[in-house]
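Biologist: I should like to discuss the cysteines of this protein. Please show the sequence and the structure before we begin.

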Amino acid sequence: MSKTLRMAAAILFFYAAMALSAGAAGAKAAVVEHTFVVKQVNMRHLCNDTLVTLVNGQFPGPAVEATEGDTVIVHLINESPYGMTIHWHGVKQTLSCWADGADMITQCPIQPNTTFTYWFNVTGQEGTLWWHAHVSILRATLHGIIVIRPKSGSYPFQKPHMDVPVIIGEWWQRDLMKVDKNFSTGGHFSDNPAGATINGKLGDLYNYSGFVEDNLILNVEQGKTYMLRLVNAVLFSEYYFKVAGHKFTVVGADANYVKPYTTDVVAIAPGETIDVLMVADAPPCRYYMVALANQPPAPDPQIPVFMSRGVVQYKNAPIDVGSNCIKEAVMPEMPDQHDTLTSFYFHGNLSGLAGHSLLAQIQGHIDERLYIALGKGSICKGNKPSCKRGLSDEAILVAYMNNVSFHLPEKMSILEARQHAKMNGAFRGVEDLPSRPPRSFNFTDPALIPVVPGGKLEELEATRKATTMRRFAHNAVVEVVFQSTATMQSDSNPMHLHGHDFFVFAQGHGNYNPVRDVNGYNLVDPPLKNTVQVPRLGWAAIRFVADNPGAWFLHCHFEFHIAMGMATVFEVANGPTVDETLPPPPSDLPKCTNTKE
């Protein structure tokens, strides 16, 4: 047996013992165990062979399926040439922040030819989540679905005939590490994927030299109900999703049930998951399911149109050669690629189930309030105090929160620094994220979009780099208002918080006005999410209870935004009891090898 496998076996024994102990305390809890082998393989699409980094040779990667209350153990064996972490997107990680998998936030990367075991419980969550690499841009090919089913076996709606994962992704034929470097050093908007995918298939819209790419085929039976578990795993774009001739009943978002409502289109931003029921009630035929990327109109930088499609095929559809069903599947009418209002109204229609245990707490006193402007600016090369802006070669473009672009630590993860702070009494090299933008202006003024020498934006461009954090007392109630801006672009911002779900109270267009807009808060049945789509040239207000000790990453899920610095860390203090205190790190926590700082 190799040294790597012996290490994995020893770790398995340790965590299995812990999991069985936890299972004994909770009736019928099980241990769900996987081994993820990360390595590079060649895949052929669009008449080209591309070297990609995958888990177990699969694109998308393996599904993690569990029942609420189960313990999940994943042994990661890194045979790739890159440092690696896996983030379990949306898993609350209650008292298991060490397993969150955020690179340099909760752990150092798992180095090539080494292993690490992730261990966590999925308690108090039901629905669809997902996992992905959280190092660099590698999540483009390193991702998969997480399905958490109810322990009782019943849902607050009719049980579907079948679950269907629908993972919207991208196919890249570029060196992803170079793409990431381009973004982290100023952004190159010519770096784009080769196409969109559904469950790893590009679909028949992609026809190169007479070779047509495969479609995802979903065979359905007349009258039966299917739960489509939608995941947006792409790097850049929100997507619209439709199935011709069919409507959806939205029943879940980010592993939280919502009040069912009917729609014929789903808007799903990067990082989001949406669960919908689809009844196969159309005339037996073949129908296209279509995923179309949206984007803001010019003068925002424009990218190519990305679309993929699969086929919903009725088992009793006519098979006669002359049938229209055989000749061509029915195509849905899609929203325009520049239509962002459809997304605004889709997300505005989400509402939660009544009676959540935290509702009363968040309706009362607010302990911390943050107003966070999300935008882009520039810093001077070589740490110079001043330089020319407006796309000058003297400056580097960055993304920011409240005019501070996040600098990722290089010597020690923030969570490890948190542990050491108990001994030396202080963090070093970390500063507070400002509670508000340093200056007020018309954040949504379209005149700020063009980046030109002498333009209106130039006087607002200057920003800075720092490792920022906000510290919250245990059980504090926190309100955050995210404000999208027009600085260099007018795009939306899918903001994801690790380690907590939050209530989305409201959204709106234009600049947030606390006197006016608080009156529109939904305090009765707000949806509970882990990723909020902050509208284009608009705002979104959330609240959460900081009840999970640890260091939790908050960032935009557009890859170019996080690479350019639109991120910060929320640190939550331990509570007064052992059951509210983060345990020490696991003994096999990876060590950092970078010593730049």
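Modeller: Please note that this is a predicted model. Let us start with a cysteine at the surface boundary: is Cys592 buried, partly exposed or exposed?

Biologist: Buried would require under 20% relative accessible area, and exposed over 50%. Cys592 has 22% relative accessibility, so this residue counts as partly exposed.

Modeller: Which residue forms a disulfide with Cys592?

Biologist: A disulfide requires sulfur atoms within 2.5 Å. The sulfur atom of Cys592 lies 1.8 Å from that of its partner, which is Cys108.

Modeller: How many residues apart in sequence are the parts that this pair ties together?

Biologist: Cys108 sits in the loop between strand 5 (86-89) and strand 6 (114-121). Cys592 belongs to the segment after strand 35 (567-572), so the pair ties together parts separated in sequence by 484 residues.

Modeller: What is the handedness of the link between Cys380 and Cys387?

Biologist: The sulfur atoms of Cys380 and Cys387 are 2.2 Å apart, and the two residues form a disulfide. Cys380 is buried, with a relative accessible area of 9%. The angle about the S-S bond is -85°, and the link is left-handed.

Modeller: Which residue holds the cysteine sulfur closest to that of Cys97, and why is there no bond?

Biologist: Cys97 counts as buried, at 0% relative accessibility. A disulfide needs sulfur atoms within 2.5 Å. The closest cysteine sulfur is 13 Å away, too far for a bond, and it belongs to Cys108.

Modeller: How many disulfides does the count give?

Biologist: One disulfide joins Cys108 and Cys592. Another joins Cys380 and Cys387. The count comes to two.

Technical notes:
Residues numbered from 1 in each chain as written. Predicted model: local features only at pLDDT ≥ 70, side-chain atom pairs only at ≥ 80, totals over all residues. Heavy atoms only, no water. Helix = DSSP H or I, 4+ residues; strand = E, 2+ residues; numbered from the N terminus. Buried < 20%, exposed > 50% of the residue type's maximum accessible area, 1.4 Å probe, protein only.
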